[in-house]
Amino acid sequence: MALNPVLGKLVSKRVVLASASPRRQEILTNVGLRFEVVPSWFKETLEKSSFAAPYEYAIETAKQKALEVANRMHVKHLRTPDVVIGADTIVTVDEQILEKPVDKQDAYRMLSRLSGKEHSVFTGVAIIHCSSKGNQLETEITDFYEETKVKFSDLSEELLWEYIHSGEPMDKAGGYGIQALGGMLVEYVHGDFLNVVGFPLNHFCKKLAELYYPPPKHTVQHIKHDSIPSVDTFENLSDGESESSNFTEHKGANKLDSSGMCPSRPVYNCENTSSVRTGFTVPLGNQNGVSESAAKLPSKILDLMDGFKASKALFVASKLKMFDYLKNKGPLKAVDVANEVGTSVCGTERLLDACVALGLLEKTSQGYSNTDSANIYLTSDGEYSLHGYIIHSNDHLWPLFTNLESAVREGSRQNHRAFGRKAEDLFKDYYHSQEVKQRFMAAMHSIAHLTARDLATAFDLSQFKSTCDLGGCTGALAHELIQIYPNMKVTVFDLPEVIANISYFQPSEQCAAPVTFVSGDFFKDNLPEADLYILSRVLHDWPDEKIHILLSKISAVCKPGSALLVAEIVLDEQKTHPPRAVLQSLSMTEGKQRSGSEYKQLLEKYGFTNTQFKITGTLLDAVLCFKKNLSP
Ligand SMILES: O=c1[nH]cc([C@@H]2O[C@H](COP(=O)(O)OP(=O)(O)OP(=O)(O)O)[C@@H](O)[C@H]2O)c(=O)[nH]1
């Protein structure tokens, strides 16, 4: 293994990544580095004009980020790390430094500036080796930077705004994420791709190699300056020599080669690109009988007009368990499915064809069969089955949405219209009718199981010895936590009616440490003791008075340094994205969805600080905050 030895040098050290960037965490995790994440509190406010070159600014910011964490850990937490890594990514164009956009207008300004041009992405990295002499923190700093050139195509206004509304630009230098949707804007990349994403892994490994394996003089000529030494090279080098702390400062080791901004040619415009959906043109006869390419079909609007039909087709096929039959017995002809399910042949054929059109099924001369996604997500026993949530959507949400107009007119829940009962009675029903109870739990379990891994790994939670998932229902997240953190004791706290029905949802293979289920009402009863509390998909459901009761109770039992992990969809600051959250709130009147700053404010009110966000872009985002230390 030629790759491991460099990073292997860090195995026995307490390594801290002083960054909240999920991309940096991912890049380093992917290569097997073990580290704690302690995001830096250093504000990126250094005076840019005081630096001769942009990379100097990025390096200095990276250094300050890492130093802040090293100092904080040493002084406040009395834990001196061995190595702290800090990084800062910036974009430069027209001699201007662009960081993360502060709002959508700012993102627009940045992206329109980058449109059609080549720009540079610099990531400054600081590697700080720490030691404690007496009470003093001693540091040895190594830093470097990497430059990558990126050229954007010409971006149309429509594309720019669509991209901005996706929410992707907001936490990214220069307002784009090359690793995701932003990749569509890029014509070419010259240099290290990962440097653009936020961490120049290759250069980092070379630096580690320089630090831990400084070449003895006689071998210098055998090691290419810009190569990561291979195993052979390592074996030829003496560890004893390299182990000494002869870390040198490599300040601004490379020079900015040129500004290299060349004017661009219009090459790529989404309006003309068939791979990007903007609608298509149809020839229309004009008044003179001459056909002209005129009206663009508004494909988005047409899709929305049909959306409810597609949803209902999915719901009905799920309710009739067609995906289950096809998984077990497919491919099947429509008549066979109809016989299995007990439905009409003509109706079944239409529904199956609709599912093919929607990409849920495949149709061949042998009959209909499930797509891979249908097997995984739509069958009731699929690995990540959404069946429970789909049935909940059909039986519960659909009737509520049917009464949306009345909800908007009256500003109130429509349970009485949809179900002939008030909301509270209905909620009680969930726990009185066995069928409704199972349906509701299956729905919650579907989403919890699907999102569990993302949530459990959104932050490094290994510091917490005990966790309590409040309203954790079937324990889907709890089981995942134990898989990932085998030393963690996890308790699920939920209503007695829920706990009584969890057995069906337990994994067949038990983890090393079983999840503990405790029944109680989190608004009334004492909460189990824990270092970390979790509220997943709870806060959005309740009115402010209830949230006040719940957060006051959690705050009261949390010791300083304990934490609360909230899993919700976090709205952007305009509160219009992502659409899933905004649409979900149409059926609520008591609870509400919140933006990042609203969550931060709410949590601070109950003594939780250092709020960190992980916007996953999937079903749930994660917010981690810590109970404030008592003032000395
Ligand atoms: O193509 C991409 N370009 C940039 C990014 C991400 O952008 C940010 C850059 O911001 P910064 O260096 O200040 O880092 P933060 O996220 O604020 O975290 P710190 O706690 O380290 O300050 C960075 O996250 C890149 O990953 C991208 O994702 N794609």
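Over which residues, 218–225 among them, does pLDDT stay under 50, and how many contacts beyond four places in sequence does the model have for residues 218–225?

**Figure 1. Residues with low pLDDT in the predicted model.** Over residues 218–225, pLDDT stays under 50, and the model has five contacts beyond four places in sequence for this stretch. A further stretch, residues 229–294, also keeps a pLDDT under 50. For residues 229–294, the model has 89 contacts beyond four places in sequence. Across the protein chain, the average pLDDT is 84, and 83% of the residues score at least 70. The scores of the model are ipTM 0.99 and pTM 0.54.

**Figure 2. The residues around the ligand.** The ligand is surrounded by 24 residues. The closest of these are Ser19, Ser21, Arg23, Ile178 and Gly198. By character, the shell around the ligand comprises eight nonpolar, eight polar and eight charged residues.

**Figure 3. Helices and strands that supply the shell around the ligand.** At least two residues of the shell come from each of three elements: helix H2 (22–30), strand S3 (83–93) and helix H6 (193–197). Strand S3 gives the most, with three residues.

**Figure 4. The hairpin of strands S10 and S11.** Strand S10 (residues 361–364) and strand S11 (residues 367–370) run antiparallel and are joined by four bridges. Between the two strands of this hairpin lie two residues. One of the bridges pairs Glu362 with Ser369 in S11. As a general point, side chains in a regular strand alternate between the two faces of the sheet.

Notes:
Residues numbered from 1 in each chain as written. Predicted model: local features only at pLDDT ≥ 70, side-chain atom pairs only at ≥ 80, totals over all residues. Near = placed C-beta within 6 Å. Nonpolar A, V, L, I, M, F, W, Y, C, P; charged D, E, K, R; others polar. pLDDT = per-residue confidence, 0-100. Contact = placed C-beta atoms within 7 Å. Pairing = 2+ DSSP bridges.
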